[in-house]
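Dear colleague,

Please find below a structure that I am handing over to you, together with its sequence. I would be grateful if you could read the notes under it with the structure open.

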Amino acid sequence: MVMLEKIVVQGFKSFQKKQVVPLYPGFNAIIGPNGSGKSNILDSIVFVLGSSSRQLRAGRMDHIIYNGGHGKKPADHSIVSLHIDNSDKGIPDQDEKIMISRRVNRQGQSIYRLNEKVENRAKILEILSYAGIDPDGQNIIQQDDITGIVKMRPRERREVIDHVAGISEYTTRKEKATEELKVAERNLEDASIILDQKKEYVDKLKKDRDLAMKHKTLEESRAKLAATLAFSRVKALESTLENHARNLEIKENELASLRGKVGHFDDNLDDKETLIQNIDTDVIKKSVNAEIRSEIEDINSRIIKRESDINANRREIERLEDMISKMNTIRASKGEDVGNRSVRAILDLSLPGVFGTVGNLSTVDPRFEIAINVTAGSRLNDVITDSEQTAIECISYLKQNNLGRVRFLPLDRLQPTSTSAKAEIASKMSGIIDFAVNLLQFDRKYRIAFSHVFRDTLIAEDADSARKVRGLRVATLEGDLFEAGGAITGGSLRKMQGKVNVKDITDVNEYENAIKKLELDIESLKKEIGDLNILLEEKQGKVTEESKEVEKLQQEKSKIIEEIDDMKHSRKGQYEQKLSLEAEIQQLRINRAKLEAELENSLLDYEKYKDCKDLEKADPQKLQKELNNIDRQLRAIGLVNMKAIEEYDQYEKEYKEFSERVEKLKEERNSIEEMIAKLEEKRKLMFYSTLEEISGEFAKIFMTLAEGPAELVMEDPKDIESGLVIKAQPKDKRLLSIDSLSGGEKTLTAIAFLFAIQRHKPFPFYILDEIDAALDKKNSEKIGDLIQGYSDKSQFLVISHNDATVRRSNRVYGVSMQNGVSQIMGVDLSNTKESPESGQ
C-alpha cells in the first residue's frame, strides 16, 4: 500500500518559507494552540490532491498564498509538494518514489506537476485513483465534518453509502441510460407519429392509386373506342361521299342538258327576232305611202328596241335572282344568317360601347388580305366592345329578338397576351414576313382585342417558308394555313364572279335594289310601247291600200310573234328548271364540302390512332353511346393523381422500411429498459451488500465506543433512493435515532459511522482534523485506542487538542506561530527523543 512520505510547503497560508514535514507510518498527531496553523498542514495535503478553494477554507484560490504581516512581504505564489512512497507499486507504471506538486499564483492559476513534469488535474486524479486516493474521499475528515454527519438529512447519508459502494458508476450509467431511454422514447414517439402519418398517407395513396388504375383502364378502353369510332366515321363518310359524287354527277349531266336546251331556245329567239326585223323592212319597202311607211318603220323600230330592252332587263333580273340564290345558299352553308343579320343587328343599335367588328375596324395591304382572312376566318365578325357589361347587354338583346349568336371581345375583360420567345425567334427566320397582327392597321386602343384574335400567328411568303416553323400557327400569302399542332389546310380559294350595271355587287341588298330598278325600267318601257302602238295604229289607219304581199308579210310576222311567245313560254319553264337544278347542285356541292371537311377532320382525328391495330367498322351511334358511358364514369371519378400509381409502390416501400425502423427503435428502447433493469439490479446488489457490511462494522465500532447496539437502516428498505437512518443505543439507554442523542453521543455515533466506512474501504492514509473536539477524556481515550488499533495497517495524521488522544500516537508534530509564521517541531513518542522537523 502506498504511503505519504513527506510534504513540502512554501508560501502556503501561514507557512512563509519552505517547510519539509516528514510523515511516517502509524499514528501521527499534530498539536498546537488555536490559530497556530495546525489545520493548514491538512489543507496543504488537500490542496495538492486537487481540492477547490472552498474545501481549503478560502474565498478564492489566491487567498491560500502567504499574505505577509509583521514586516514580512507577501509571497508571489504558493507551492506544495507531496512525496509518496510507491515501493509496492500500488500506482502502476510509476516510479517507486512519486512527487506530486501544485503551484498557484496571485491570478488564481494552478499548475500541477508529476515528478517535475507538468500535467493536468485530470491526469493527477487518475494517477491517485490507482492507490484509492480521492480528494473528496471519506479518509479526509476536516473540521465540522463530524457535525456535518450529524446534521445530514437521511438521503444525504444514503448518498455517502452510494459513494463508498462505488455505485456512482452504475448510477451514472443508469442516468445516462435513462436519458437514452427518454431520447429513445421520444424518437419512438416521433417515429410512431410519422409512421401513423405515413400509413394515413399510404392508405390515401392506395385509394388514389386504385382510382388512377380504374381511370387508366377506362382511358385505355376509351382510346380503343375512340379509335374504332374515328375509323368507322371515316369509312362511313367515305361511303357517303361516294354516293354524293355519283348523285352530283347525274345532276350535273342533267344541268348540262338543260343549259343546252335553254341556249337552243335563245338562239332560235334571236333568229325569230331577226326574221321579224327583216319582214318589217320588207313591209316598209313595199308600202305605197313611203312617208307614212317611214314613220311606221321608225315606230316599229322603237317598239322593237323597247321590247328588246325589256327582254334584256328580264334576263338581267333572272341573272340577279340566280346570284341572290347562290349567295344565300353559300351563306347558309357557312351557318351565317343572310346579310350577317346578327352582327348587323348589333351594329345597327349604335350603342356607345360597341366599336365595330374586327374586320371593319382594321385595314390591310391587299398583298396580305388572303393570308389575314384565312388566319382570322369567322373571327373577322367578332364585335369589339368597351366592357363586359356592354357585351352582356348585346347578348341579352340577341336572345330577346331571336337574332342568333355573336362573339364579343370586351376590352376590360380580355387578358393581355405575350409573345413567346419561340415565336420571336421564328419571326426572324428567312421567308417569315411578320406577325399577322403587325400587318393590320387599327386604332391602338384595340390592340388587346386584335392580339387576342391573331395571337402568335405568323405570315410567311410561301409554304416552303411556313413548313420550317414548328409548333406555331403560320399562314402563307396564297392562303395555306399551318396549324401549331401539325394540321395543314390549303387548296384553291373560290371567288364570286359577275357584274351588275358595270359595278361589283357584293351585298344581297344591292342585288335586290338593282332588280327593283330593272323592274321599274320594264314598266316604263311597256308604257312607251303602249304609246307607240297607239301612234302606230293612227299611222296605219292612214294607209288605205297596201299590197297583198305586205299583208302577207304582216300575217307572217304575226305568226312568228306567236311562235316567239310560245318559245319564251317554253324557255321560261326550262330556265326555271335549270335554276332549281343549279340550286340543288349547289347544295350538293355544299354538302360535299361539308362532308369533305368532316372527313378531313375525321382523318385528322383518326391520325391520332393510326398505330391502333385490328380496328373493325362498327355502328358509330353505338360506339358514341359507349364512349358517353365511359365519359360519365370518368367524370364521376373526377381529377385523379396518375402519379399515385408509381408513388404508391415507392411510398409503400418507404412505409415498410420505416415500420422496420420503428420496430428497431422499439427493440432499442426495450434493450435500454433491460440494461437499466440490469444496472439497477447490480446497483441494488452492490448498495445493499455495502450497506450490510458497513452496518455490521458500525455496530462493532459503536459497541466498542458506546457499549451498546447500533444499526443503519433504510427509511424504505425496498427503495434504494430513500434515506439512511442511523439508530444507536448507548449503554443504559433505549434505541434512538442519531437526532435524538446527546452531543457527545452524536459525535461517537458519527465517528463510528465514519470509521465503519473506512473499515469497509481502507485507505492508504487518513487525515482527521479535531474529530474528538466534543468528547470527554474517557471517550477521547476510546477514540485514541481505536485509531491506534487501525494504525498498523494505515497511516493516520490526526489533529487534536486532546491529550488522551495524542498520548496514543507514535509521533507528535507541534505547530506554533512566531511573528505570523507557522513553525513545526516533531517528537517521536516511541523513544521520547525530541528532534526538530524544520526543513530550513
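The notes below go from the whole chain to a sheet, the nonpolar cores and two individual residues.

Please bear in mind throughout that this is a predicted model.

The chain as a whole

The chain has 840 residues, of which 42% are buried. Its secondary structure comprises 19 helices and 26 strands. The C-alpha trace extends over about 210 × 65 × 50 Å along the principal axes. The radius of gyration is 66 Å, whereas a compact globule of 840 residues would have a value near 28 Å. Among contacts with a separation of 6 or more, 71% link residues that are 24 or more positions apart. The exposed surface of the chain amounts to about 46,600 Å², and carbon and sulfur atoms supply 48% of that area.

A sheet of six strands

One open sheet consists of six strands in the order β2-β1-β4-β5-β6-β7, and the pairing is antiparallel. Its edges are formed by β2 (residues 19–22) and β7 (residues 117–119), each of which pairs on one side only. On average, neighbouring strands of this sheet are turned by 20 degrees against each other, with direction ignored.

At one edge, β1 (residues 3–10) and β2 run antiparallel and are joined by four bridges. Lys6 has Pro22 in β2 as its bridge partner. Pro22 is also one of the buried residues of β2, a strand covered on both faces: Gln19 and Val21 are buried on one side, and Val20 and Pro22 on the other.

At the other edge, three bridges connect β6 (residues 110–114) with β7 in the antiparallel sense. Here Tyr112 stands opposite Glu119 in β7. Helix α2 (residues 121–129) packs on the sheet and touches β4 (77–85), β5 (97–105), β6 and β7. The direction of α2 makes about 40 degrees with that of β6.

The nonpolar cores

The largest nonpolar core contains 48 residues. The residues with the most contacts inside this core are Phe753, Phe755, Ile771, Ile787 and Phe796. Helix α17 (residues 743–760) contributes the most to the core, with nine residues. Leaving aside residues up to four places away in sequence, Phe755 touches Ile701, Leu768, Ile771, Leu786, Ile787, Tyr790 and Phe796. Another core, of 44 residues, lies apart from the largest one and includes Val21, Leu23, Val48 and Leu82. Val21 belongs to the buried residues of β2 already mentioned.

Two residues with positive phi

Two residues deserve a separate look in the viewer. Asn402 has a positive phi of about 50 degrees, although it is not a glycine. Asn402 is placed in the loop between α9 (388–400) and β12 (408–410). Is Asn402 buried or exposed? Its relative accessible area is 65%, which is over the 50% cut-off, and Asn402 therefore counts as exposed.

Arg455, likewise not a glycine, has a positive phi near 45 degrees. Arg455 lies in the loop between α11 (447–454) and β15 (458–460). With a relative accessible area of 45%, Arg455 falls between the cut-offs of 20% and 50% and is therefore partly exposed.

With kind regards

Definitions and conventions. Residues numbered from 1 in each chain as written. Predicted model: local features only at pLDDT ≥ 70, side-chain atom pairs only at ≥ 80, totals over all residues. Heavy atoms only, no water. Core = buried A, V, L, I, M, F, W, Y, C linked by side-chain atoms within 4.5 Å. Buried < 20%, exposed > 50% of the residue type's maximum accessible area, 1.4 Å probe, protein only. Contact = heavy atoms within 4.5 Å. Pairing = 2+ DSSP bridges. Axes fitted to C-alpha atoms, helices over the stretch in contact; angles between N-to-C directions. Rg over C-alpha atoms; globule rule 2.2 N^0.38 Å. Areas by Shrake-Rupley, 256 points an atom, 1.4 Å probe, with all protein chains shown as cover.
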